[in-house]
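Please look over the structure below with the following notes beside it. They are written for a colleague who has not seen it before.

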Amino acid sequence: MGIIINGLTKKYDQQFALNKVTFSINEGEVVGLLGPNGAGKSTLMKSITNAIDFDEGDIVVNNYSVTTEAIKAKEVIGFLQENNPLYMDMYVKEYLHFVAEVRKVSKNRVDDVLLKVGLEAEQHKKIQQLSKGYKQRVGIAQAILFDPEILILDEPTNGLDPNQIIEIRELIREIGKEKTVILSTHIMQEVEALCSRVILLNNGRVIADQSIEDFKGQYQNLEEAFHALTN
Ligand code: ADP
């Protein structure tokens, strides 16, 4: 169980977005995926969730290969994409009912999830009327609606105000207690607060895969470690 990635390579023309990326994540781990812009984080997350094809290697999610058992693999992964694409003209509850239908789960589950992500009071609003923090909650709601064992969150707190960041972080902490999570972020406090382990990408390669303590190592803090390793 968990995620096994072996020799994952993805090229755009001649450029390697991912270059022989290999690591595995155990069931129940919450892992921070770090790296400068352009390092390959989103490409990696999209490859795991089967949103894009890759050139070489394999990804196995809860024992299902994402290439040969794509549907089974997709059924165990919830994904909050970068920039959180949503149907802005839909009402919150209507949208989540739609996701429930696509994911073949009971619509009753929508009420539980609305409560869990703190969207009860907003459920009858159009998504476009929500603040960015609440839109993010809708994105998290669609990702957890079918109770996936694995959750992949691409910069879930990007662009939020400090209060919203704290609220979303708390929500992720709650969810992370029962799921395997990969979380990409540029906020090192978030990594310290939520993750037990760090995978650092640079130029499409894994350059560190360590516990938070080991990653910090001789440096003062995670920012310094990040800067030293990627600069
Ligand atoms: P990150 O998420 O770490 O910022 P990305 O995975 O978005 O990095 O990008 C990794 C590399 O792949 C970058 O050099 C980026 O320009 C390139 N890339 C990503 N998507 C595409 C695409 N659709 N077409 C061409 N190049 C792309």
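The points below take up the ligand and its surroundings, and then one asparagine.

1. This is a predicted model, in which local features need pLDDT of at least 70, side-chain atom pairs count only at pLDDT 80 or more, and totals for chains, interfaces and linings use all residues. Residues are numbered from 1 along each chain as its sequence is written, and side-chain values use heavy atoms, with hydrogens and water left out.

2. Around the ligand, where a residue counts as near if one of its heavy atoms lies within 4 Å, the residues include Tyr12, Gln15, Pro36, Gly40, Lys41 and Thr43. The largest share of this shell, three residues, comes from α1, a helix being a DSSP run of H or I of at least four residues, numbered from the N terminus.

3. Oxygen atoms of the ligand lie 3.1 Å from a polar side-chain atom of glutamine 15, 2.9 Å from a polar backbone atom of glycine 40 and 2.8 Å from a polar side-chain atom of lysine 41. Taken alone, the ligand exposes 560 Å², of which the protein buries 62%, with areas from the Shrake-Rupley method and a 1.4 Å probe.

4. Asparagine 231 is found in the segment after α9 (222–230), and it is exposed, with a relative accessible area of 70%, where exposed means over 50% with a 1.4 Å probe and protein chains only. Asparagine 231 and asparagine 202 are 29 residues apart in sequence, yet 9.5 Å apart in space, C-alpha to C-alpha.

Technical notes:
Polar contact = N/O pair within 3.5 Å; in protein donor to acceptor, adjacent residues only side chain to side chain. Helix = DSSP H or I, 4+ residues; strand = E, 2+ residues; numbered from the N terminus. Buried < 20%, exposed > 50% of the residue type's maximum accessible area, 1.4 Å probe, protein only.
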